[in-house]
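Please walk me through this model in the viewer, one selection at a time. Tell me what to pick and what is found there.

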Amino acid sequence: METLSTAQIAAFQDVRNRLDAGALYRIDVASVKALDPARAAAPHWNFDLPAHAAEAALAEDGPVTDDLKRGLIATWALEMPERIRQADLPPEVTRHYEFWLDRLAEFLTAETGAYDPDFWAKDVRFTLVLSVPGARTQTIDLSSPMGPRQVLQNGLDGYGWSQAVAYMKAQGWKRPWLEVHTESRHTADFTEAGWDEAWASAAAICKRRPELAGMIGSSWFYDPPLETISPRLAYLRLNPLKGGAFIIHQGPGEIHSERCGATSPTRRAMIDSGEYLPRSWLVAWPASTLIPWAEARRAEAPDMGRAA
């Protein structure tokens, strides 16, 4: 991606044009002040820290409004082509930018109310190229930690020790991982093909950046019982496992039960009755097996990967 489209530029400028000169001055100052703190915070396990850094920079000159936040995101979006060039991303990633920037432009121009905190956190990371598109529904953080404690706990809790061996082979405690996230604002690629494309995008990044250990993702939808409760979701866990990934048990929690039951009356009824307790699992796919999986996938279908 070499430049924004005329429509994208106009949309992001329109968001800025809603603001008065004083607000624009605050945004332009914060857009520079927040860069280094946000980038420094990006590899931390707390996904929201770059957004906190952005908000802190805006807050130096007064209360932070949602319009200021939207103006900051629009400002950073206008600067994205240079950041993308500097990131040296593979075409498996860059081909998705037109779609994602169109959706961001639509979101910013349409929204005038409260800025959802999750969307704000995601948009800060996206416009600073701390997270990049993997497919049309998945983003990929470019640097995330995976500490050894949960790997050891997985074994101690009786979920197996082979995961610890795979983790050690990947040197997962000292090498950064990519991390996948789902974007709820556009879920068209929450399909088997869409997820396979996101994993393939991660493989391309890993191939270009050999310092990476692989890609991780954590969610309730990797829970093994879903293979029988919601078999249409089984691919989310089984496809990575078949390709050389391993999974780590993270445990139950109210947030996992809430999200698991949100889109399925069947699961909601099973959760409410106590028949099913959703658990979060972390899928870790080392680069040593992820890259060969992606190459085999491409060999089977050389034209795989639709235009974004």
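Is asparagine 154 buried or exposed? Asparagine 154 is buried, because its relative accessible area is 1% and the cut-off for buried is under 20%. Keep in mind throughout that this is a predicted model.

**Stop 1: asparagine 154 and its surroundings**

Select helix α10, residues 149-156, where asparagine 154 is found. Then show what asparagine 154 is in contact with, leaving aside neighbours within four places in sequence: Tyr159, Gly160, Gln163, Ile247, Ile248, His249 and Trp281. Keep Ile248 in the selection for the next stop, since isoleucine 248 has a bridge partner in β6, namely leucine 282.

**Stop 2: the sheet**

Select β5, residues 246-252, and strand β6, residues 279-286. The two run antiparallel and are joined by six bridges. Five of the seven residues of β5 are buried, so that the strand is mostly covered.

Now show the whole sheet. Six strands make up an open sheet with mixed pairing, and their order is β1-β2-β3-β4-β6-β5. At the edges are β1 (131-133) and β5, each of which pairs on one side only. From one strand to the next the twist averages 25 degrees. Strands of a sheet pair through backbone hydrogen bonds, either parallel or antiparallel.

For another pair, select β2 (residues 138-144) and β3 (residues 177-182). Their pairing is antiparallel, over five bridges. Serine 144 is a useful place to centre the view: opposite serine 144 stands tryptophan 177 in β3.

**Stop 3: proline 50 and alanine 38**

Move to helix α4, residues 49-59, and pick proline 50, which is found in that helix. How much relative accessible area does proline 50 have? The value is 0%, so proline 50 is buried. Apart from neighbours within four places in sequence, proline 50 is in contact with Ala38, Ala41, Ala42, Val124, Arg125 and Leu130.

Add alanine 38, in helix α3 (residues 35-41). Alanine 38 is also buried, again with a relative accessible area of 0%. Draw a C-alpha to C-alpha distance from proline 50 to alanine 38: the two are 4.0 Å apart in space and 12 residues apart in sequence. A second distance, from alanine 38 to alanine 54, is 6.7 Å between C-alpha atoms, for residues 16 apart along the chain. Not counting residues up to four places away in sequence, alanine 38 touches Pro50, Ala53, Leu128 and Leu130.

**Stop 4: two helices that meet α4**

Keep α4 and add helix α9, residues 117-127. The axes come within 8 Å and cross at roughly 90 degrees, which means that α4 is roughly perpendicular to α9. On the α4 side, select Pro50, Ala51, Ala54, Glu55 and Leu58; they meet Trp120, Ala121, Val124 and Arg125 in α9. By class, this contact has seven nonpolar, no polar and two charged residues.

Next, replace α9 with helix α2, residues 21-33. The axes of α2 and α4 also come within 8 Å, and they cross at roughly 135 degrees, so α2 is oblique to α4. The crossing is right-handed. Here Arg26, Ile27, Ala30 and Lys33 in α2 meet Ala57, Leu58 and Ala59 in α4. The contact of α2 with α4 has five nonpolar, no polar and two charged residues. Leu58 of α4 is listed in the contact with α2 and in the contact with α9.

**Stop 5: two loop residues with positive phi**

Most residues other than glycine have a negative phi. Which phi does aspartate 88 have? Its phi is positive, about 50 degrees, although aspartate 88 is not a glycine. Select the loop between α6 (80-87) and α7 (91-94) to find aspartate 88. With 46% relative accessibility, aspartate 88 counts as partly exposed.

Finish at glutamine 171, in the loop between α11 (162-169) and β3. Glutamine 171 also has a positive phi, near 50 degrees, in a residue other than glycine. The relative accessible area of glutamine 171 is 31%, so the residue is partly exposed.

Note on methods: Residues are numbered from 1 along each chain as its sequence is written. This is a predicted model: local features need pLDDT of at least 70, side-chain atom pairs count only at pLDDT 80 or more; totals for chains, interfaces and linings use all residues. Side-chain values use heavy atoms; hydrogens and water are left out. Two strands pair if DSSP finds at least two bridges between them. Helices (H or I, at least four residues) and strands (E, at least two) are DSSP runs, numbered from the N terminus. Axes are lines fitted to C-alpha atoms, for helices over the stretch in contact, and angles run from 0 to 180 degrees between N-to-C directions. Angles under 35 degrees count as roughly parallel, over 145 as roughly antiparallel, 65 to 115 as roughly perpendicular and the rest as oblique. A crossing is left-handed if the near helix is turned anticlockwise from the far one by less than a right angle, and right-handed if clockwise. Contact means heavy atoms within 4.5 Å. Ala, Val, Leu, Ile, Met, Phe, Trp, Tyr, Cys and Pro count as nonpolar, Asp, Glu, Lys and Arg as charged, and the others, Gly among them, as polar. Buried means under 20% relative accessible area, exposed over 50%, partly exposed in between (1.4 Å probe, protein chains only).
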